[in-house]
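Trainee: I would like a close look at a single part of this model. Please pick one strand, take me through its neighbours, and then show me how other parts of the chain are put together.

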Amino acid sequence: MKPSRFIRLPAPGAGMLLACGFLLGAPMAAPADTAPADTAPANVPATYAVEPQFQLLKFGEVMPTGWIREQFIRDLKNGFAGHMPEIAPLTCGALIFGVNRNTPDHIQNAGGGSWGGAEGAWWKGETEGNWRSGSTMMALMTGLPEQRAIADAKVAYLLKTQDADGYMGIYGPTVRWAAGDVDNGELWTQTCIFRGLLAYYEATGRTEVLRAVERAVRLTMSHYGEGLKDPYGAETQNHNLMFVDVMERLYDLTGDTAYRDFGLYLYRDYSRDVKTDIALPTLLAADHPFMGHGATTYEGLRVPVWAAYVTGDPILRAGADEAFAKSWAHVSPTGGPVSDEFIANKPTDPDLGGYEGCGEKEWMTSLLSAAQKTGRAALAEQAETTFYNSVQGSRLPDGTAMDYVTTDNIYRVDGAIMNRVVFSPAHEDVANCCAPNFTQIGPIFVRSMWMRAADGLSAMLYGPCDVRTAVNGTAVRIEEETSYPFSERFHIRIEPEAPVEFLLHLRIPSWATSISAVSEGAEVHRAGDWLLVAKTWRPGDAVDVSFGAEVQPVPANNGEFYVRRGPLFYALPIAAIRRAVKDYPVPGFHDYLVFPAVWAQGHYALAKSADSPSTSTFSLVPNPAADARFPWDAAPARLEASLVNLGTDKPETVSLVPMGSGEAILRRMTFPLAPTSASPIR
C-alpha cells in the first residue's frame, strides 16, 4: 500500500473558523477565452494591498560572474544539467510536451518508484518541464552565445507544440482538464514549463513568448474556477497549487488582475478541498505540526505569503506567519529542510535527518519569496545558508551526480531509503525529480541576489555577480567582485550612465563580528539588519565592504556541535572509496555508492572548557593549490585545529573543509565535547 500524503484535520477550532471569510470568497468569473494582443505588455503596475518591501528585477538583469558562472558553464557542458535527455530518456527525453503527449491509449507512466494521480501520468511532465526550465535559465545566465542558441532552440520547440486554441501541456484533447478526484497534474506540469518560458521572456524581451504563455494560461483558467471544474479533490496530488507561481509572475509583469484573482481562487479552493500542511485551516491549527510530503509543503509556503500581501487579509497573514513558524524545527543549521519524502514532524538530526534536492530547492525559493515581500534579512540569510551549504553538500562538484536524500553527517552512501541514498545524475529507478529540479536552484538564487527597493537597490544575497538595470530612469551597472562565500570582502563598483542618487541596501549577516563599508562621499548608516549607503553615484564609484568572521560552535540536536565560520559550515573529510554501480550512455555519468576507507577518521571531539564548548584554536589556512574557478573541487582555505582523537584520547591537528567541498563527500560535521580527562590542547 502506498503511503498517504494527506492529513485528516481535527474538528475546526477558533483559528480555523477565522479563515471562513477567505474560504467563502466571492465567486470568480471565468476569464474571457481571448488571446492577448500582439503587442508588448501594457506594463500596468501590479497593486498589492500591502506593498512588498522589494521587487524582483527582471530575469537576466542579475548575472553570475566568477565561480558561480563557471559552475553553471561546467554543469551544462559536463554535468547532468546539460545532458538529461540522453541520461534519462525515459523521463526527460520523453518529449511529453510535444509529439508524445498522453492519450487514452498512450499514458506515459514514469516507472521506477514514481507514483501519483492518473497512474502517474503527470510525472514525465514534471521531470521534463523542470529540466527544460532549469537548463534554459542556466544557459541564459552563462552569457555564452552557444548556450543562448541552445536556450533559443528549447523555447522554439515548446512554442511549436502550442495548439491553435493556445493549449500547451502533456495531454491530448480527450484527456485534458481533469477535475475533482481525477488528478492528471494539468496545472502542475504547465507550471513546470511556464516558469522557464517567463524567465526567457524577461531575459530576451521576446513578446511572442509572453503572448504564448498568456494564451495557454487563459485557456487553462477558462476551464477551472467557481462554478466550473475543480482542480483538486480530497485525494489528489496537490502540486497543482503551484500554478500560483505563474499567476504571481504574470500579475507582476502585466498588472492584469485576472491572474491575481485566479491565483487567489487556487489557494481558496485548495484550502477547502485538500487537507495538507499548507491548507489555510491546517496552518491556523497551532497544534498541527508539519507532517506531509516535504517538497510539497516547502513549495507551498510561499502561496499564503503572496496571498496575504496581495489582499491584505490578516487571516492570510496569520497563516503565512504560521507557515514559517512551523518550518524552523525541521531545518538543519546548514539549511537542509527535513524531507526524506515526508516531514512527519521529525526534528533535524545531523545523522538521521535527511533532506531531498527538491525540498532544498523549494525551501530556498519560498524563503526568497518571503524575503522579497517582508524585507526580513534573516529570511534571505537562511536562503544563502541553504545554497552555500546543504545544496553544495548534496551534489558532486563537477555536476555529474547528486544525492537524492542527504544528511549533514555522511558516513556512507549505501543505497538506503529504497535506493535514494545514491549519487546519481537521474535516480530514474526511484523518481527522477530532484536532479531536474536542481537545475533551477542556481538561477533562482542568482536572480534574487539583488532586488529593487523603493529608494534604490538591495543586496539580498552575496556572491560574484553583475547587475544591469535602471534606477530612477537611469541605466546602472553594478559589479560585485568577490570570492564569497570563501571570503567576506567585496568590491562593489557602481557605473551609472549619468549621475543618479539612490540608496544601496546591504544585508548585514547575523554572524558578522564587525562591519565595514567605505565609499568616498557616501553617507553610511545602519538600519536594523541593513547597512544603507547613500550618495549621488557617478561612473567609477565603488563601495568596499567587509564583514568580520570568527569560528562559532553551533549546537546540533544530537548534543554535538557544528563548526561555522562566516557563511560556511565546515566538515572533517573522511577518506572515501567511490564505487560505480550503474553506467549511463553518456561517458562520465554513473551512479555511485561511497564507503569509508578508514572509519576511525570520524572519531574526533572538540576540547571542553568552562566558558566555551571549544578551546580549540582554529586557523584559516589558504590552499594555494585550489582553483579559484572551481572552489568546491578543493577548498580555497581550510580550518586547521587541534581536536581530540577519541580513540587515543590525544589531541591531533586536523583540517576541516566547507561542507560542499569535493574533499568531503563523506564527512563529519558535528562533534561531541571531549571528556574532561582528555589530554590538554597545547
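Mentor: What follows starts with one strand and then moves out to a sheet and two helix pairs. Keep in mind that this is a predicted model.

Here is the setting. The protein chain has 20 helices and 27 strands. Of its 682 residues, 62% count as buried. Take the contacts in the chain with a separation of 6 or more. Residues 24 or more positions apart account for 71% of them.

Our strand is β18, residues 561-565. Is β18 mostly covered or mostly uncovered? It is mostly covered: five of its five residues are buried. In a regular strand the side chains alternate between the two faces of the sheet. Now look at β18 itself. Phe561, Val563 and Arg565 point one way. Tyr562 and Arg564 point the other way. Residues on both sides are buried, and that includes the two arginines, Arg564 and Arg565.

Which strands pair with β18? Begin with β17, residues 551-555. The two strands pair in the antiparallel sense over five bridges. Find Phe561 again: it is the bridge partner of Pro555. β17 and β18 form a hairpin with five residues between the strands. Within this hairpin, Gly559 takes a positive phi near 90°.

Next comes β19, residues 568-573. It runs antiparallel to β18, and three bridges join them. Val563 stands opposite Tyr570 in β19. This is a hairpin too, with two residues between the strands. Here Gly566 takes a positive phi near 60°.

Then there is β27, residues 670-671. Two bridges join β27 to β18, and the two strands run antiparallel. Tyr562 has Thr670 as its bridge partner in β27.

Now step away from β18 to a sheet elsewhere in the chain. Six strands form an open sheet, in the order β2-β9-β10-β11-β16-β13. The pairing is antiparallel. Why do β2 and β13 each have a side without a neighbour in the sheet? β2 (62-64) and β13 (515-518) stand at the edges, and each has a single partner strand, so one side of each is left free of a neighbour there. On average, neighbouring strands of this sheet are turned by 15° against each other, direction ignored. Inside the sheet, follow β9 (residues 465-471) and β10 (residues 474-481). They pair in the antiparallel sense over seven bridges. Val467 stands opposite Ile478 in β10.

Helices come next. Find α7, residues 145-160, and α8, residues 186-204. They pack at an angle of about 125°, with their axes 11 Å apart. α7 and α8 are therefore oblique to each other. α7 passes α8 in a left-handed crossing. On the α7 side, Arg148, Ala151, Asp152, Val155 and Leu158 make the contact. They meet Ile193, Leu197, Tyr200 and Thr204 in α8. The residues of this contact of α7 with α8 divide into six nonpolar, one polar and two charged.

The other helix pair is α11 (residues 257-273) and α14 (residues 302-311). Their axes come within 10 Å and cross at roughly 130°. α11 and α14 are therefore oblique to each other. Their crossing is left-handed. From α11, the contact uses Arg260, Gly263, Leu264 and Tyr267. From α14, it uses Val303, Pro304, Trp306, Ala307, Val310 and Thr311. By type, the residues of the contact of α11 with α14 are seven nonpolar, two polar and one charged.

Stay with α14 for a moment. Nine of its 10 residues are buried, so α14 is largely enclosed by the rest of the structure. Among the buried ones are Arg302, Val305, Ala308 and Tyr309. Val303, Pro304, Trp306, Ala307 and Val310 are buried as well. Just after α14, Gly312 takes a positive phi of about 75°.

Finish in α11, where Ser271 has its place. Is Ser271 buried or exposed? Buried means under 20% relative accessible area. Ser271 has 3%, so it counts as buried. Now locate Tyr232, which is 39 residues from Ser271 along the chain. The C-alpha atoms of the two are separated by 9.9 Å.

Conventions
Residues numbered from 1 in each chain as written. Predicted model: local features only at pLDDT ≥ 70, side-chain atom pairs only at ≥ 80, totals over all residues. Heavy atoms only, no water. Buried < 20%, exposed > 50% of the residue type's maximum accessible area, 1.4 Å probe, protein only. Helix = DSSP H or I, 4+ residues; strand = E, 2+ residues; numbered from the N terminus. Pairing = 2+ DSSP bridges. Axes fitted to C-alpha atoms, helices over the stretch in contact; angles between N-to-C directions. Parallel < 35°, antiparallel > 145°, perpendicular 65-115°, else oblique. Left-handed = near helix turned anticlockwise from the far one by under 90°. Contact = heavy atoms within 4.5 Å. Nonpolar A, V, L, I, M, F, W, Y, C, P; charged D, E, K, R; others polar.
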